[in-house]
Amino acid sequence: MEAGGVGLALQTRAAGFGTGPRRGGLQSPIGSLRVAEPAGAAVAVRARGSKPVAPLRAKKSSGGHENLHNSVDEALLLKRKSEEVLFYLNGRCVYLVGMMGSGKSTVGKIMSEVLGYSFFDSDKLVEQAVGMPSVAQIFKVHSEAFFRDNESSVLRDLSSMRRLVVATGGGAVIRPVNWKYMKKGLSVWLDVPLDALARRIAKVGTASRPLLDQPSGDPYTMAFSKLSMLAEQRGDAYANADVRVSLEEIASKQGHDDVSKLTPTDIAIESFHKIESFVLEQTADNAAGDSQAESQVQRMQTL
């Protein structure tokens with residue numbers, strides 16, 4: 001199969017509130033992904049081997065009633081912010097960008113659930129389109145360039161849709177054409193400190209991350225070194241995102257000295273706050289520009 005030759009046909013029909021898959025999961029031969037929506041509320045796309053996102057529920061932990069109360073408050077705040085942001089988004093897709101291990105898929109699933117959007121992981125869609133079980137295997141059998149070509153094809157096709165939350169691969173930002181596709185929606189950068197990323201990746205292993213996998217050496221040290229190099233290469237590209245969500249800033253506001261104490265819901269709530277602020281600022285700037293243009297026209301008419 002030639003690099004870039006894999007087409008991703010995303011066929012949708014309007015029904016209910018969002019877009020989502022047929023019941024029973026995706027029906028897709030290699031190179032073709034068909035997505036339709038079930039009646040009722042939108043559900044997360046069932047990519048190969050994944051499960052639909054479970055509804056948010058407050059769980060009572062060992063902390064007792066106080067933790068239960070906090071969980072309920074957090075869930076209510078998340079839902080309220082999502083309802084406010086939903087109006088401003090007006091159907092636009094949300095693209096999450098950031099380094100590998102930054103939590104894009106986890107946070108994206110939470111955001112899509114409360115928005116009534118469908119969720120896509122672009123890496124999973126590339127795997128499905130190419131017919132291979134992992135990004136690591138695609139890199140090994142073909143090449144990184146082959147993967148990037150198919151990643152761009154996936155983002156191109158997703159950009160023609162609405163009401164999606166898309167978790168992109170860590171390197172999706174390096175190709176300008178991908179930004180062309182993502183700018184049709186709204187992009188959110190999950191900015192996580194490198195030491196936190198290295199700890200997280202070292203804990204779960206690097207076998208599924210081809211750009212980090214090393215045959216030997218201390219997992220944390222190797223991960224931190226490689227992540228630092230990637231961050232240097234991609235830092236400016238991530239900054240192209242419409243919204244930056246800094247986990248260090250969230251932790252500081254909550255009085256934490258470690259971003260690992262944040263929950264995915266904390267990050268989703270902050271993402272909604274930042275999206276709302278961005279859209280309101282953008283709307284105000286557009287209104288000011290329209291007013292200035294109207295004033296110029298009026299002055300011209302009086303001459």
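# Close-up views of a predicted model

**View 1. A charge rests over a ring.** In this predicted model, the charged end of Arg-244 sits over the ring of Trp-189, with 5.7 Å between that charged end and the ring centre. To find this spot, pick out the flat ring of Trp-189 and then look for the charged end of Arg-244.

**View 2. Helix α8 has a kink.** Follow α8 from residue 219 to residue 238. If its 20 residues formed a straight helix, the span would be 28 Å, at 1.5 Å a residue. Between its end C-alpha atoms, however, α8 spans only 25 Å. Where should you look for the kink in α8? The kink is centred on Glu-232 and amounts to about 45 degrees.

**View 3. One helix, many covers.** Staying with α8, we can now ask which of its residues are buried. They are Ala-223, Leu-227, Leu-230, Arg-234, Ala-237 and Tyr-238. Here is a handy idea for reading such a list: an α-helix has 3.6 residues a turn, so residues three or four places apart point the same way. Among the elements that cover the buried residues of α8 are two strands, β1 (94-97) and β4 (186-191). The helices α5 (144-158), α6 (176-182) and α7 (194-204) also belong to this cover.

**View 4. A glycine in a loop meets residues from elsewhere in the chain.** Gly-103 is part of the loop that links β1 to α2 (104-115). Setting aside neighbours within four places in sequence, which residues does Gly-103 contact? Its partners are Gly-108, Leu-190 and Arg-200. You can also compare sequence and space here: Gly-103 and Val-192 are 89 residues apart in sequence, yet their C-alpha atoms are 9.0 Å apart.

**View 5. Aromatic rings come in pairs.** Searching the whole structure turns up 4 aromatic pairs. One of them joins Phe-87 and Tyr-88 in an edge-to-face arrangement, with 70 degrees between the planes and 5.5 Å from centre to centre. Are these two rings' residues buried or exposed? Phe-87 counts as exposed because its relative accessibility is 66%, over the 50% cut-off. Tyr-88, at 27%, is partly exposed. Another pair, Phe-139 with Phe-147, is tilted: the centres are 5.5 Å apart and the planes make an angle of 50 degrees. Phe-139 has 15% relative accessibility, so this residue counts as buried. Phe-147 is buried too, with a relative accessible area of 2%.

**View 6. Two residues have a positive phi.** Neither residue in this view is a glycine, but each has a positive phi. For Asn-90, in the loop between α1 (65-89) and β1, phi is near 55 degrees. Asn-90 is exposed, since its relative accessible area is 57%. For Arg-163, phi is near 60 degrees, and you will find this residue in the loop between α5 and β3 (164-167). Arg-163 counts as partly exposed, at 25% relative accessibility.

**View 7. A buried asparagine reaches a backbone oxygen.** Asn-150 belongs to helix α5. With 2% relative accessibility, Asn-150 counts as buried. What lies 2.9 Å from a polar atom of its side chain? It is the backbone oxygen of Phe-146.

Definitions and conventions
Residues numbered from 1 in each chain as written. Predicted model: local features only at pLDDT ≥ 70, side-chain atom pairs only at ≥ 80, totals over all residues. Heavy atoms only, no water. Helix = DSSP H or I, 4+ residues; strand = E, 2+ residues; numbered from the N terminus. Expected span 1.5 Å × (residues − 1). Bend = angle between axes of the 7 residues up to and from the residue. Buried < 20%, exposed > 50% of the residue type's maximum accessible area, 1.4 Å probe, protein only. Contact = heavy atoms within 4.5 Å. Phe/Tyr/Trp six-rings, centres within 6.5 Å; stacked < 30°, edge-to-face > 60°. Lys NZ or Arg CZ within 6 Å of the ring centre and 35° of its normal. Polar contact = N/O pair within 3.5 Å; in protein donor to acceptor, adjacent residues only side chain to side chain.
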